[in-house]
Amino acid sequence: MLKKSTHKTICSYCGVGCGIEVSVDSKGTLSVKGDESYPVNMGMLCSKGKNLNYVAQDTTDRILYPQMRWSRNHPMQRISWDTAFERAAAVFKSIIDKHGPNSVGFYVSGQCLTEEYYLVNKLTKGFIGTNNIDTNSRLCMSSAVVGYKKMLGEDSVPISYADIELSDCFLIAGANPAWCHPILFRRIEKHKEENPQVKIIVVDPRKTQTCAIADLHLQILPGTDVILFNAIARWLIEKKKIDKKFIKNHTVNFEACKESAFQLSLRKAAELCGISIDDIRTAASYIGNAKAFISMWTMGLNQSVIGVSKNLALLNLSLLTGQIGKPGAGPFSLTGQPNAMGGREVGGMASLLAAHRDLGNPRHRAEVAEFWGGKEISGEAGYSATEMFDALESGKMKAIWIICTNPIVSLPNANKIERALKNASFVVVQDISHNSETTEFADLLLPAAGWLEKEGTMTNSERRISYLPKVIDPPGEALPDVEILWKFAKKMGYEGFDYSDASEVYDEHCLLTKGTNIDISGLSYDRLKNEGSFQWPVPDPKHKGTPRLFTDLHFFTNDEKSHFNAPPKLYNQSEQTDVDFPLILNTGRVRDQWHTRTKTGKVKRLLTHIPEPFLEMNKVDAYLRNLKDGDVAVVKSRRGDVQVKVKVNYDIRERVVFLPMHWGKMLNNDFGRANNMTSDLVDPISKEPDFKYCAVQVSKYVKA
Ligand code: SF4
């Protein structure tokens, strides 16, 4: 008989970061409920969060011990952890000796805890001597990172969820929070219910569930966001609905923004966006007349070949109206993953450095290198997510270590990712379960501890840092990721990895932030356990955290002003449709599934919402192809194809089709893997893939 216990933790799915109370009964059975005391969700949980106990308790598909194969023709065999570390270190050393440090790389996840993220960056950048450490967060928010840096000087989300209830106008662009950030959406919905005068504008080529609370849905043509935001900017400037005092005293580069906005007339912009000029005027007047305006966005803007331009055009609207640094106002990028923000804090991408330091700055690199006591850090960005797999395919990179992510399903042009992994000399996969299709490509498979099985911290979309306790033991021989990393580093012979637990890693990370704009040197596990969550910065042990940045209107730029930026690209640069591939494929999430379904796919209750993949298409497009609701269609791009049932409606624009990104081979076949079709194009600055736009053809499936 076990002692009953209750623990406070954080949901392991989306970037909203809801608080959860986990109870363990006398038989060891887990139950979960929303944490009523947690300021994010106040007791609420969405369907995914409510079912987390089933995922945590179900160990049927877990990886239980390290496994290895001597060559691709050999089967995997069970090995000890000692042998696993010896093998990994021997192969990495031999490849690095022969081909240099840039021949290896690590590909990690926005679901990693901050300590894991920190350590893998220290290991790669500070000791192996390469910046080839990137993350699946590259796929969801790297365009927003670039936008914030250009506008505010650093990657800094200015506001909090608490600002939602203080705002009277929301522009929700390229996001479907009703399904993808449900508890955040519930807060907006409730605010609107209680304050009907609050205006909500939704920008999306699809009529999603989020549109249910919209005063105005701008159903633009895919890829025309910059044109729309510029048109709104033009109207604001022409109608003198801008904050001249704020612009004069706290911004630079207004003329560049104005010049960009005035490139097109409102009429031309409306025509290109495929919406009415009156709708643009109405949206602009809502924003121009708002007392407190929030813009919110996610993948519809970020996952684009012009993702940085879309971010900059949107951010300009907050500066034009002076809607930043005050209650209920500011640009608010929503993160998809639970710890994408924590990853950003530790410099968890190939182009970033720890604690928001600049990889291109020699002084910053020297500071970090000295702190770590390792090698000199290169100023050259490493391979980004997609570049890493290109490098594996071409042979420039020989070995990859993949942690907590399933690139075979989640990266664009999935068939190419398969080729890249087959071509790699050595693939290490460190994950919790065999449900990740990527495990099939591993030469060395390492069992990791999952949610509730290890301790650490995460940061949600509003910069809120929370502690996650260890509640249960991991199954088999699984180890916390942070321990796997420090043991490997020691086996490589590196000094500075002599940790005994995750709190020591966290303390080191906090110390490295000291004196920076994200200073959390006032935090420790003890504070987080005893006092609850904090929003960074938290620069001393008495500091209570910072819910809102820039209240003094001094920004993180060198001149302390916020910077307007003319978007580099006005027009979309995606793969174009033509006679052979006449439709635009858009990909995204559904409410009850998460990423590649390695966890949500095994919860029966979550399959009742949408049990299988579908292709959403407009009735007109379906009619032209003799397709009815439920028919099986073949969707084909220049890179691959899938067969999938169609869902026909008028909610999606003509000549646009939508396919959920979740399904791969797991618990299914490869019926509907969206990334068989998606394109290799990325934004040239942020390197974020163009998941929302590629050219496809759709035809009725005919049995051979
Ligand atoms: Fe978890 Fe996000 Fe749902 Fe909250 S909204 S319960 S963080 S999936």
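1. Over residues 4-60 the chain is 18% helix and 30% strand, and the C-alpha atoms at the two ends of this stretch are 24 Å apart. The model is a predicted one. The range comes from UniProt, where an unreviewed entry places the feature "domain: 4Fe-4S Mo/W bis-MGD-type" at residues 4-60.

2. A peptide bond to check is the one joining Trp536 and Pro537, which is cis. Its omega is about 0 degrees. Pro537 sits in the loop that runs between strand 19 (534-535) and strand 20 (562-563).

3. That loop also holds Phe550, between strand 19 and strand 20. Phe550 is not a glycine, yet its phi is positive, near 65 degrees. As for its surroundings, Phe550 has 19 other C-beta atoms within 10 Å. Phe550 is therefore classed as partly exposed, because the buried class begins at 20 or more such atoms and the exposed class covers 12 or fewer.

4. Arg463 is another non-glycine residue with a positive phi, here about 65 degrees. Arg463 belongs to the loop between strand 17 (456-459) and strand 18 (464-468). Is Arg463 buried or exposed? Arg463 is buried, because 27 other C-beta atoms lie within 10 Å and the cut-off for burial is 20 or more.

5. For a check of the backbone, the places to inspect include the cis bond between Trp536 and Pro537, the positive phi of Phe550 and the positive phi of Arg463.

Terms used:
Residues are numbered from 1 along each chain as its sequence is written. This is a predicted model: local features need pLDDT of at least 70, side-chain atom pairs count only at pLDDT 80 or more; totals for chains, interfaces and linings use all residues. UniProt positions are given in the numbering used here, feature names are shortened, and annotations may be inferred rather than shown by experiment. Helices (H or I, at least four residues) and strands (E, at least two) are DSSP runs, numbered from the N terminus.
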